[in-house]
Amino acid sequence: FFFVLYWLHFLGALLSCHASPFSCIGTMRLWSKDLSLPSDLCGRVVIVTGGTSGIGLSTVRRLAELQATVIVACRDTAKGHAVVQELKSKSKAPQPLDLRVMELQLNRLASVRDFAAAFHALDLPLHVLVNNAGLVHTSYLESADGLEEMFAVNHLGHFYLTLLLLDKLRASAPARVVHVASAVHNIAPPLDIAALWTHCDISGLKGTFQYYGRSKLCNILFSRELSRRLCAMGEAGVTSTALHPGAVNTNIGLEHTNRLVQMLIAPARLFMR
């Protein structure tokens, strides 16, 4: 049933270019526009979580080419260093890229604390924090802290990281926090705060989308509340925004998922950039 429903919504989105409320792929955009960025970000410091693949890697590449200092926050530092070396070797920017790799395990709050402490020790400003890293599971898996891992990585780790770096952002204003969310939040069930800390049944496509959507809903709620509180404190120099990236060809959903989800994702990737 869900296989048929998925493809009906996929085809409908493809033909109409409107997002389905159920579809995990969001709005299908066959054309994209390169939004303008400052031509020179020299002196700006940016942290990008999950910066070794997908949206994170593209973000790292573009900002580094504009001469920003980019911290690649990743769980696998060996992969991070390999990615940085490749970016530097292929860069056509007039100046060398300033890329730095730091370990960040978002499924362990102790690692988030260690990362924040290590960044503070660098004595750098922080102008942009891109909370990008994310994962999708088709079964219940726990983080190192005993929490459902999609919630722990996609939201809670970024929530904690943002709070630990907020003073640095305020001191570096104008600054910005960017939360990479998803339109999948539209299919999340009503948010039950107590249920966030308990075991849940993640099975099948519906359960996967709902619990992934729950983590993305938390991203958006946090972004809005952070913005409200900053405004209430008179901190106009720090902004908090959330975005839906659309249908993007990344490896999210290909790790820790079953074969059915992988089969559904594979053909959809043909229409993504």
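In which loop does proline 174 lie? In this predicted model, proline 174 is placed in the loop between helix H5 (149–171) and strand E5 (175–180), and the peptide bond that leads to it from alanine 173 is cis, with omega near 5 degrees. Two further backbone features concern residues other than glycine. Glutamine 67, in the loop between H2 and E2, has a positive phi near 80 degrees, and aspartate 123, which belongs to the loop between helix H4 (109–121) and strand E4 (128–131), has a positive phi of about 55 degrees. These features stand out because most residues other than glycine have a negative phi, and most peptide bonds are trans. The relative accessible area of aspartate 123 is 64%, so that residue counts as exposed, the cut-off being over 50%.

Helix H3 was examined in terms of its length, its start and its surroundings. The helix comprises the 14 residues 77–90, for which a span of 20 Å is expected at 1.5 Å a residue, and this agrees with the 20 Å that separate its end C-alpha atoms. The buried residues of H3 are Gly80, Val83, Val84 and Leu87; viewed down the helix axis, they fall within an arc of 100 degrees, and therefore line one face of the helix. An α-helix has 3.6 residues a turn, so residues three or four places apart point the same way. Among the elements that cover the buried residues of H3 are helix H2 (54–65), strand E2 (69–74) and strand E3 (98–103), whereas the face turned away from the buried side carries the exposed residues Ala78, Gln85, Ser89 and Lys90. At the start of H3, a side-chain oxygen of aspartate 76 comes to within 3.1 Å of the backbone nitrogen of alanine 78.

Across the whole structure, 7 salt bridges are found. One of them joins the side chains of glutamate 148 and arginine 214, with an N to O distance of 3.5 Å. Because glutamate 148 lies in the loop between E4 and H5 while arginine 214 lies in helix H6 (residues 204–232), the pair ties together parts that are 66 residues apart in sequence. Both partners fall below the 20% cut-off for burial, since the relative accessible area is 0% for glutamate 148 and 6% for arginine 214.

Within helix H6, glutamate 225 takes part in salt bridges with two arginines. With arginine 228, the closest N and O atoms are 2.6 Å apart, and the two residues lie 3 positions apart in the helix, about one turn. With arginine 229, the closest N and O atoms are 2.7 Å apart, and the separation of 4 residues in H6 again corresponds to about one helical turn. Glutamate 225 is partly exposed at 28% relative accessibility, as is arginine 228 at 49%. Elsewhere, a network of salt bridges links Asp167, Arg170 and Glu235.

The search for disulfides over the whole structure gives 0. As for individual cysteines, cysteine 42 has a relative accessibility of 60% and so counts as exposed, whereas cysteine 74, at 4%, counts as buried.

How values were computed. Residues are numbered from 1 along each chain as its sequence is written. This is a predicted model: local features need pLDDT of at least 70, side-chain atom pairs count only at pLDDT 80 or more; totals for chains, interfaces and linings use all residues. Side-chain values use heavy atoms; hydrogens and water are left out. A disulfide is a pair of cysteine sulfur atoms within 2.5 Å. Buried means under 20% relative accessible area, exposed over 50%, partly exposed in between (1.4 Å probe, protein chains only). The expected span of a helix is 1.5 Å times one less than its number of residues. The arc is that of the directions from the helix axis to the C-beta atoms. Contact means heavy atoms within 4.5 Å. A polar contact is a pair of N or O atoms within 3.5 Å; within protein, one must be able to donate a hydrogen and the other to accept it, and residues adjacent in sequence count only if both atoms are side-chain atoms. A salt bridge is a side-chain nitrogen of Lys or Arg within 4 Å of a carboxyl oxygen of Asp or Glu.
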